[in-house]
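Student: Could you take me through one part of this predicted model closely, in connected prose, since I have not looked at the structure before?

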Amino acid sequence: MCIDLHIHSHFSDGTHTPAELIMKAKSANLSALALTDHDTVQGLDDFLAAAKIHDLPVVTGLEISSTFNNHSVHILGYGMDHRNESFVKWLKRLQEGREERNEKIIDKLRQLGIEISDSELKDLSRHGQTGRPHIARLLVQKGIAASRDDAFRLYLKKGAAAWTGRFTYSAEESIRMIHHAGGIAVLAHPGHISPPPQHLHDFIGKLVALGLDGLEAYYPGYTNQVRKSLRNIADRHKLVITGGSDYHGENKEYSKMAGKKSGFCPPDSLLPRLYEKLNIY
Ligand code: AMP
Ligand code: FE
Ligand code: FE
Ligand code: ZN
């Protein structure tokens, strides 16, 4: 059976509620699920409640955009106490950074003659925090970009006309705080680090020295060869291996939840080692 340990809800930039994600996972016959919204744990109470009702094994999660050696790395946290006060407070700084950035992006777009109001943006993302995918959606709705990919390419991706950076923690800080809240830290989509480090193995080794616990070796599009080399690195460093679809609902083109039907299937044989690391028996 398949598992999916990387999905987003409308509390970040997905389009489904946590409960809808649980139901989708049930119909895809998944044997475990983790919700990993960007920089927020806001959706986890609903997620856990729905999982209980539908009797689906789940793990708490989140995905923190972080920086390491001038690279942008996404660190997944699993099994945290998502109500840990200092952790929740620490995450607030990231949410404020997003607010600051959204204002700057809107300003830059205005200078380009494109009007987006705060309220229409808030309306699109009223359940949680706002990210670039929401802005991309508005650009498509207004007919300014032909597709969301187009909106990123023309305006929102790094180096594009309205691109703006935002506050991020270092990978070291993210790993430390995930541990502080009782979780484990996993490197998300290691094949997508931007810019790609020349020596991924050494790069991961340095993250391991900072406390990294795992690698996401199952990710859509990763070939057997990529998977195998990530598995080798994981074995050498005694890391946990995880996998997930990065499903964003309608907010990301071509994204699908894991399952036999979608053809992307991180196997549930990964679970015992994950549970062991999380001290769940
Ligand atoms: P943010 O968290 O606001 O920086 O936005 C990052 C999110 O935007 C990612 O998680 C993806 O969902 C999406 N994204 C990033 N780059 C692109 C791109 N080039 N095309 C489409 N979506 C993207
Ligand atoms: Fe996203
Ligand atoms: Fe990511
Ligand atoms: Zn993600």
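**Backbone turns and a packed helix**

Tutor: Asn70 is exposed, its relative accessible area being 77%. This residue sits in the loop between E4 and E5, and although Asn70 is not a glycine, its phi is positive, at about 65°. Please keep in mind that the model is predicted.

The two strands on either side of that loop lead us to helix H7, which spans residues 171-180, for strand E4 (61-68) and strand E5 (71-78) are among the elements against which the buried residues of H7 pack. Those buried residues are Ala171, Ser174, Ile175, Met177 and Ile178, and their other packing partners are helix H3 (85-111), strand E6 (169-170), strand E7 (184-187) and helix H8 (200-209). Just after H7 comes Gly182, whose phi is also positive, at about 90°.

Two of the partners of H7, strand E7 and helix H8, have a loop between them, and in that loop we find His189. The phi of His189 is near 25°, a positive value in a residue other than glycine. Is His189 buried or exposed? His189 counts as buried because its relative accessibility is 10%, and buried means under 20%. Asn70, by contrast, counts as exposed with its 77%, since exposed means over 50%.

The loop between E7 and H8 also holds Pro195, and there the peptide bond that joins Ser194 to Pro195 is cis, with an omega of about -10°.

Methods
Residues are numbered from 1 along each chain as its sequence is written. Chains are lettered from A and ligands numbered from 1 in the order in which they are written. This is a predicted model: local features need pLDDT of at least 70, side-chain atom pairs count only at pLDDT 80 or more; totals for chains, interfaces and linings use all residues. Side-chain values use heavy atoms; hydrogens and water are left out. Buried means under 20% relative accessible area, exposed over 50%, partly exposed in between (1.4 Å probe, protein chains only). Helices (H or I, at least four residues) and strands (E, at least two) are DSSP runs, numbered from the N terminus. Contact means heavy atoms within 4.5 Å.
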